[in-house]
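Biologist: Could you walk me through one part of this model up close? I'd like to hear how a strand sits among its partners, and then how another sheet is put together.

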Amino acid sequence: MVVGEFTTEVDVLVIGAGPGGYVAAIRAAQLGKNVVVVEKADVGGVCLNVGCIPSKAMIHAAHTYEHAQHTESMGITMENVKVDFAKVQEWKSGIVKQLTGGVSSLFKGHKIQVIPGEALFVSENEVRVFHGYDVNRYRFEHCIIATGSRPIELPAFPFGKRVLSSTEALSLTELPKSLVVIGGGYIGIELGTVFAKFGTQVTILEGSDQILPGFEPDMPRLVERKLKKLGVTIHTKALAQGMEETENGVVVTAEVKGEQKQIEAEYVLVTVGRRPNTDELGVRDIGMNLTDRGLIVVDKQGRTNIPNVYAIGDIVAGPALAHKASYEGKVAAEAIAGHPAEVDYKAIPAVVFCDPEIASVGINEKEAKEKGIDYIVGRFPFAANGRALSVNAGEGYVKLIGEKGTNLVLGAQIVGPEASNIIAEIGLAIEMGATLEDIELTIHAHPTLGEVTMEAAELALGHPIHVMK
């Protein structure tokens, strides 16, 4: 112990104030615990500050700009539509500030103390927190680790002046004239779409044989078609090998389907995945079990092999999604309070805010086949939905999967307008053990985009109204 270092006793110490950590802290406080949160950066974590929220604000701004340029088919002509990128950034930052301020208010309202600094475990019930020259100790009854993840850096493309991670890309002060995106997953596609709509010449390099490789091939195909309309060049089976910085940009060397290519651009954006932030916590030193990838091993309540320490979010197995982290945070807090809570991952929605939007929940056809499930499918097109046509968004479909015989809802994949919102109904259906008949017999407001789930259920059951069987 150094001079001036003192120890604070606390019921629950939460490390990290992102969507997992702050939710866990609030729920633990609601359950009567004395809670302290340690955060080394900004309250709200990646999600609120440099991830979900700012990227969706940028996506909305880009959509608005694009729509304003293409309204002639509705009889509306706009001239001199311009984008002031500095104002876009200012608007985005205002949203971030409002939301992070809201989290701080919630902390204050629940009497949760936030300690700035980095935590380092020194035992199974104590951490040291470093903040500048200050070091303090916190002895806890329980701890929840929610330190999230960070972008993976490729050795040949070190982050710097011309090589951006998603964080820097969202903070550019000027629109780049050209951009090479390495990685065609959801972050690369979302940000690539934003910049393409604002007029940047975008090239996407994806290593697999399709963009958005986690989704069924039909869904990314529609997204790829739209990207090409925006002038985006997409190379699949492409391996970025290196780069050379020039006076005004970079030249990226890539192997594309066996051929060498060189692509000039102003910037490179690397979006090839994220790495769990577990390497600087000292958790291995106290005997915590981690996988080879650095993920903390937990049980169904989020408990590590050290019984009073829990871990949630991107640092445990499963998709790195903010809503998964929040869900796990509530489970961990309730488990600490003695409640019989545990995770159930059968209905985690996944959403890509591309154009058109993509969303899925539950299992898809491929997974149903692999599990040997006898299933039925209803696939209804947005082109047969009146609301979709009235908002000029008739592209895409909803595919609903049910178990043959019981008609239990097993999953859905949606590509089209408002897929991110429509998928919630199917998530609830799976969670509630609903059947296709439950969805079919639920009265959906007309005309709405939400009717597509009812229509897909009717299709799966063999008696569609608005399309031929």
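Modeller: Happy to. Let's start with Leu-400, whose bridge partner in β22 is Ala-412. This is a predicted model, so please read everything here as computed. Leu-400 and Ala-412 face each other across a longer pairing: β21, covering residues 397-403, runs antiparallel to β22 and is joined to β22 by 6 bridges. These two strands form a hairpin with 5 residues between them, and there Gly-405 adopts a positive phi near 100 degrees.

Ala-412 has a partner in another strand too, as Val-361 stands opposite Ala-412. That contact brings in β19, residues 358-362, which pairs with β22 through 5 bridges, again in the antiparallel sense. How much of β22 is buried? Of the 7 residues in this strand (409-415), 7 are buried, so by the under-20% relative accessible area cut-off the strand is mostly covered. As general background, side chains in a regular strand alternate between the two faces of the sheet.

Now for the other sheet. Here 3 strands make an open sheet in the order β12-β13-β14, with antiparallel pairing. Its edges are β12 (238-245) and β14 (259-265), each of which pairs on one side only. From one strand to the next, the twist averages 25 degrees. Looking at one of the pairings, β12 and β13 (residues 250-256) run antiparallel and are joined by 7 bridges. Within that stretch, Met-243 stands opposite Val-252 of β13, which makes a handy spot to find in your viewer.

Key. Residues numbered from 1 in each chain as written. Predicted model: local features only at pLDDT ≥ 70, side-chain atom pairs only at ≥ 80, totals over all residues. Heavy atoms only, no water. Pairing = 2+ DSSP bridges. Helix = DSSP H or I, 4+ residues; strand = E, 2+ residues; numbered from the N terminus. Axes fitted to C-alpha atoms, helices over the stretch in contact; angles between N-to-C directions. Buried < 20%, exposed > 50% of the residue type's maximum accessible area, 1.4 Å probe, protein only.
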